[in-house]
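Biologist: I'd like to see how the labels on a model follow from the numbers. Could you take me through a few of them?

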Amino acid sequence: MARIRFEGVGKRYPNGFVALEGLDLDIRDREFLVLLGPSGCGKSTTLNMIAGLEEVSEGSLFFDDALMNPVPPHRRDVAMVFQSYALYPHKSVYENIAFGLRMRNHPASEIDRRVRDAARKLEIEPLLERRPNQLSGGQRQRVALGRAMVRQPAVFLMDEPLSNLDAALRISMRAEIKQLHHTMATTFVYVTHDQAEALTLADRIVVMKDGVVQQTGTPDEIYEQPRNTFVASFLGNPPINYLDGTLEVEGREVSFRRGGLRLALPPHVAQRVASQSGRAVTLGLRAEDVDEHGTPRVDETVHGRVTSVLPVGSDQFLGVEVEGRPQFFRVGKEMRHREGDNVALVVNVNRLHLFDRESGRSLVW
Amino acid sequence: MTPRGARIGRSLLLLAASLLFLGYVLAPVAWLVSSSFQSESEITSKPPHWIPHQPTLKNFEAIFGAGERDVTYETRRKADPSSGGFIPSTAKNLLPSMWNSFIVAISVVVLNLLVSVPAAYAMAKIRFIGRQTSIYAMLVTRVIPDIALVVPFFLFIRKLGLLDHVGSLIVTYLAITVPFSVFILVSYFESLPDELDKAARVDGCSRLQALLRVFLPLALPSLVAMILFAFLTSWNEFLLALMFTQTPASQTMPIVVASFTSDFTISFSFINAAGVLAVVPPVILAIVFERYIVSGLTAGAVKG
Amino acid sequence: MGGAWRQHVSDYDQKSAMLFLAPMLAVLSVVAVFPVVYSFWISLFDLRLTRPRSVPFVWFDNYAHVFADPLFWTSVARTATFTVMAVSAIMVIATLMALLLNEEFRGRRILSAVLLVPWAIPYVADGLMWKWIYDSGYGALNGLLYQLDFIDKYMVWLGDTRKTLPLIANAFVWKEVPLATILLLVTMKSIPADLYGAAKVDGANVWQRFLHVTLPALRPGFMLVMIYETMMAIRHFDLFFILTEGGPANASHVLAWDVYVETFRKLSFGTGAALAYLIALITFLLAFSIIRTMGKKL
């Protein structure tokens, strides 16, 4: 029920620190938007601005064409789940969940119905009379979700809600949150630094760094078509491998060269950089885009010396030194490797990424 | 030394230290209480009777009954042989003065709550312009000694004609208790998680509602500590009360008790009884709320 | 970036904060601005309530008068002596008590409850109580020493000018120790247990742990308490009124008493104000150092 629009929004503190700059973002109604980035990138600031907890220093924030800048948080139709849950310690679970409704003067019967409904959906009904300090982390998290759910708000905000949970719980909660988004059919804005979480949950991701948006797009777009080295390296586990080198143009063939390594670039890349022989570039190669099988063509293979072997259940990670740089690749378990072995890996050249060496900007997307 | 020997040694050391502690703290008070139950003749024995051989309630009767008797020089001598007859004419003022002290203390506490609580919340949780200055201002005013208030307040109150009025004490005490009250509360509020405040506001609380419905219940220990400090300061304060009160209409308890001590003809047992009465209310309060004093002064960790 | 940036706090928050702060600011201006300004103003006049109609403006004559008065300087000396005696005793006793209360043992709760008794009682009662104990005719001090055969006849205590200040200091210390103990105890309790664990593993015994873990960690709290008690001692009045009224022969005539005498006995408000202002100035300068440290912590 809400479309959120940032127009030229920025946030600056009296000591000169700029937390956010030039934010233009159009969040569609009912979309699940994830703000992704390292700590200090401005994602929480952006979220807090939607809630009204942080003042907009510059620019305008709109909910459905209504200017929200001067509106304090208690007059916005927004619900929020905090990283530390922020449950009211002196109230019971029931009262915690009911609080927002009470503050907005809903009738008591209505409150009771909604609270019990939410408690049932979250499977916390037996906990309603307990205090937060009697609950486990996972239970507290559900109460926090319940508190936000019952409000049936126009916008549902979540600030790293899963980061305090253990790994197994985190995965199952992701699914629940996704499910919640479907049932509630409302706009979700979610902040995280965990790229796997972003890729799982988001309809669209906004990648941020140092207060500036790096790229906005669907998970697929962000992953497959990163606009700069930061975005490319932030998504993907293990992180993308980089090799610095130069472009070599021979007629209509363009290749990447570093020392003894030469990789032929596919046509859709070649046509963009056709006339730039000698240009300094950075090659991006994802860990999973190599293979140990397939017909090795000389200009589609990387050679290197194995420096480490890490089995990870279904595959193995190989640490390989290629032309003097350490790289990490993910290969199948069939072949056994030892440190010091020489290995040749076939590269899927259609999935190569190419960036300008200095600016880190993608030369392809 | 064997482990068991070390443990016994430690226990003995602690016991000895505890006894010394208790002795230092309680012995003078115990003697005060004991003296108050002794008659004049007994109290003047050499060496003193540490425990009264013939305990008597006559001293307390003299205080509580003082209003009914007409005290003149003649009646004083004749009245009560066992107490030596030296009961001051001002004795009847003691109970009314305690009532004055009580009124003043309660008013100061209530006003402190009204003034200090919102200010502390704002300074702790709202990042407003001028916040740092306010904090410095609050700290600086804690430093001003009561002596500096004497002359200006006296002249001003005199000009207003409020010199013998309980109200002037209330306002003055408010001025000297607020800085410390705010300090206690701010420290404690700051220790409460910011996210609670945010959650409350997103849940629909205005700033005032967030303060009343979320923060106050959680800040109870510091509130109790603050109330206790404000009450005791008002109850015990002497210098300013001395300046601003002139008749029993407004005199507080410390003034009346002090007037006894400066009269050399008064019976010792009577003074001690007055002392005990003066001591009882604050001590009861302190012991009952002892738990809150320490926890209210230290920022407690509240997990939400 | 030019003036396009707004303030970083919302109007709503700023207004709320100002509203919440208003009563406190009103009170603070009464306690801080008003007395400081007004008493300085008064101190520039020769105001005596004995001749209220003639109030000549005398510039800084009152101050000169104060500085020229030998009684002022002896008062300063006596106040200093009193303060040093009292604060040293307080720090030693409070540290010992805090160490005791820091240990875990049965009955500790009783001790901490009892500890508050001296703190709770008013100074008038404290004074009255000790006056009775020090009484030269029938006092407990005389009685105790006599019973234990330390003296063979009752002595004069408060009336003996050599003993006056220490005795008053004792009454003061007795009442101030509880608060000092609690403040030190709170500091002690905030020392992480891990530090002691690490020290034990390093082979430190009880004394060494005290020396190398407790004492250094205690230092800021120690400083705070010491400065606070110093301020309290310098400006203390109540006991001097109850016990000795500045006597005998000015033996306990300290600065606070001087202000009282000047203002309410001699009724010379001009000099009284000057004196009070000087004392306030001294205390303020002394305390400015804590403000710096505490202000940073907030």
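Modeller: Happy to; what follows goes through two chain interfaces and one helix of this predicted model.

Biologist: What makes Glu290(B) and Arg109(C) a salt bridge?

Modeller: The closest N and O atoms of Glu290(B) and Arg109(C) are 3.3 Å apart. The cut-off is 4 Å between a side-chain nitrogen of Lys or Arg and a carboxyl oxygen of Asp or Glu, so the pair qualifies. Across the interface of chain B and chain C the rule finds four salt bridges, along with 11 residue pairs in polar contact. Helix α1(B), residues 3–36, gives the most to chain B's side of that interface, with 14 residues.

Biologist: What is the make-up of the side of chain B that touches chain C?

Modeller: By class, that side has 71 nonpolar, 13 polar and 13 charged residues. Chain B and chain C bury about 8700 Å² between them, with 80% of it on carbon and sulfur atoms.

Biologist: And how many salt bridges does the rule find between chain C and chain A?

Modeller: Zero. There, 10 residues of chain C are in contact with 11 residues of chain A, and the two chains bury about 1000 Å² between them.

Biologist: How do you know that the span of helix α14(B) agrees with its number of residues?

Modeller: Helix α14(B) has 21 residues, so at 1.5 Å a residue the expected span is 30 Å; the end C-alpha atoms are 30 Å apart, which agrees. This helix also has a kink of about 30 degrees at Val280(B), shortly before Pro281(B).

Note on methods: Residues are numbered from 1 along each chain as its sequence is written. Chains are lettered from A and ligands numbered from 1 in the order in which they are written. This is a predicted model: local features need pLDDT of at least 70, side-chain atom pairs count only at pLDDT 80 or more; totals for chains, interfaces and linings use all residues. Side-chain values use heavy atoms; hydrogens and water are left out. Helices (H or I, at least four residues) and strands (E, at least two) are DSSP runs, numbered from the N terminus. The expected span of a helix is 1.5 Å times one less than its number of residues. The bend at a residue is the angle between axes fitted to the seven residues ending there and the seven starting there. Contact means heavy atoms within 4.5 Å. Buried area is the accessible area (1.4 Å probe) that two parts lose on being put together, summed over both. A polar contact is a pair of N or O atoms within 3.5 Å; within protein, one must be able to donate a hydrogen and the other to accept it, and residues adjacent in sequence count only if both atoms are side-chain atoms. Ala, Val, Leu, Ile, Met, Phe, Trp, Tyr, Cys and Pro count as nonpolar, Asp, Glu, Lys and Arg as charged, and the others, Gly among them, as polar.
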